[in-house]
Amino acid sequence: MRILSMLAIILVTWTPTIVRAAVDQKTEKAATQTCTLKVSGMTCAGCEAAVRLAARSVEGVKDAKVNYAKGNAEVTYDPAKTTPEAIAKVITEKSGFKAEPVHTAAKK
Ligand SMILES: [Cu+2]
């Protein structure tokens with residue numbers, strides 16, 4: 001009986017924590033954004049890999065899909081930690097390929 005009541009106490013104590021952790025994970029996932037960067041000068045899969053590596057080195061970047069034929073990179077990032085401008089800057093500095101955010105919003 002003692003073991004059972006102890007188990008019950010543990011369950012009651014830990015369940016809210018577990019539930020909260022699950023909710024936190026969900027909100028974190030929803031908080032990521034995807035941006036497209038224009039990357040100039042890539043000619044092969046090796047260039048792609050260099051750009052991908054550079055993009056992933058940025059804190060807050062969750063994923064990077066680079067396409068040398070299209071000359072772009074699709075980056076999934078946490079807007080609380082970084083911006084498309086900052087990611088583009090790091091790609092340009094680390095990979096040597098000029099990267100700039102593609103603004104989908106209306107231009108002046
Ligand atoms: Cu190359």
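## Exercises on helices, strands and salt bridges

Arg 56 is partly exposed, with a relative accessible area of 45%. Keep in mind as you work that this is a predicted model.

**Exercise 1. Find the salt-bridge partner of Arg 56 and say how exposed that partner is.**

Step 1. Look at the side chain of Arg 56: it meets the side chain of Asp 63 in a salt bridge, at 2.8 Å from N to O.

Step 2. Now check the partner. Asp 63 has a relative accessibility of 24%, so it counts as partly exposed. The band for that label runs between 20% and 50%.

**Exercise 2. Check the length of helix H2, then work out how its buried residues are arranged.**

Step 1. H2 covers residues 45-56, which makes twelve residues. At 1.5 Å a residue they should span 16 Å, and the end C-alpha atoms are indeed 16 Å apart, so the two agree.

Step 2. List the buried residues: Cys 47, Glu 48, Val 51, Ala 54 and Ala 55.

Step 3. Look down the axis of H2. The buried residues fall within an arc of 130 degrees, so they line one face of the helix.

Step 4. Ask what that buried set packs against. You'll find strand S1 (33-40), strand S2 (61-67) and helix H3 (84-95).

**Exercise 3. Glu 48 is a charged residue to look at twice: which side chain of opposite charge is nearest, and how far away is it?**

Step 1. Place it first: Glu 48 sits in helix H2, and it is buried.

Step 2. Search for the opposite charge. The nearest such side chain is Arg 52, at 4.2 Å. A salt bridge needs the atoms within 4 Å, so this pair doesn't qualify. Glu 48 is left with no salt bridge.

Step 3. See what Glu 48 does touch. Leaving out residues up to four places away in sequence, its contacts are Met 42, Val 66, Asn 67 and Tyr 68.

**Exercise 4. Repeat the helix check on H3, and find what lies on its two sides.**

Step 1. Twelve residues at 1.5 Å each should give H3 a span of 16 Å, and its end C-alpha atoms are 16 Å apart, which agrees.

Step 2. Pick out the buried residues: Pro 84, Ile 87, Ala 88, Ile 91 and Ser 95. Down the axis of H3 they stay within an arc of 100 degrees, so they line one face. Their cover includes S1, H2, S2, strand S3 (72-77) and strand S4 (98-101).

Step 3. Turn to the other side of H3, where Lys 89, Glu 93 and Lys 94 are exposed. Glu 93 and Lys 89 also meet in a salt bridge, 3.7 Å from N to O. They are four residues apart in H3, which means about one helical turn separates them.

Step 4. Step off the end: Gly 96 follows H3, and its phi is positive, near 90 degrees.

**Exercise 5. Describe the pairing of S1, then find a salt bridge that ties S1 to S4.**

Step 1. S1 runs antiparallel to S3, with six bridges joining them. One spot to check is Gln 33, opposite Tyr 77 in S3.

Step 2. S1 also pairs with S4, antiparallel again, over four bridges. Here Lys 38 has Glu 100 in S4 as its bridge partner.

Step 3. Now the side chains: Lys 38 and Glu 100 form a salt bridge, with their closest N and O atoms 3.5 Å apart. Lys 38 lies in S1 and Glu 100 in S4, so the pair ties together parts 62 residues apart in sequence.

Step 4. Widen the view. Lys 98 joins Lys 38 and Glu 100 in a network of salt bridges, and the whole structure holds five salt bridges.

Technical notes
Residues are numbered from 1 along each chain as its sequence is written. This is a predicted model: local features need pLDDT of at least 70, side-chain atom pairs count only at pLDDT 80 or more; totals for chains, interfaces and linings use all residues. Side-chain values use heavy atoms; hydrogens and water are left out. The expected span of a helix is 1.5 Å times one less than its number of residues. Buried means under 20% relative accessible area, exposed over 50%, partly exposed in between (1.4 Å probe, protein chains only). The arc is that of the directions from the helix axis to the C-beta atoms. Contact means heavy atoms within 4.5 Å. Lys and Arg count as positive and Asp and Glu as negative; His and the chain ends are not counted. Two strands pair if DSSP finds at least two bridges between them.
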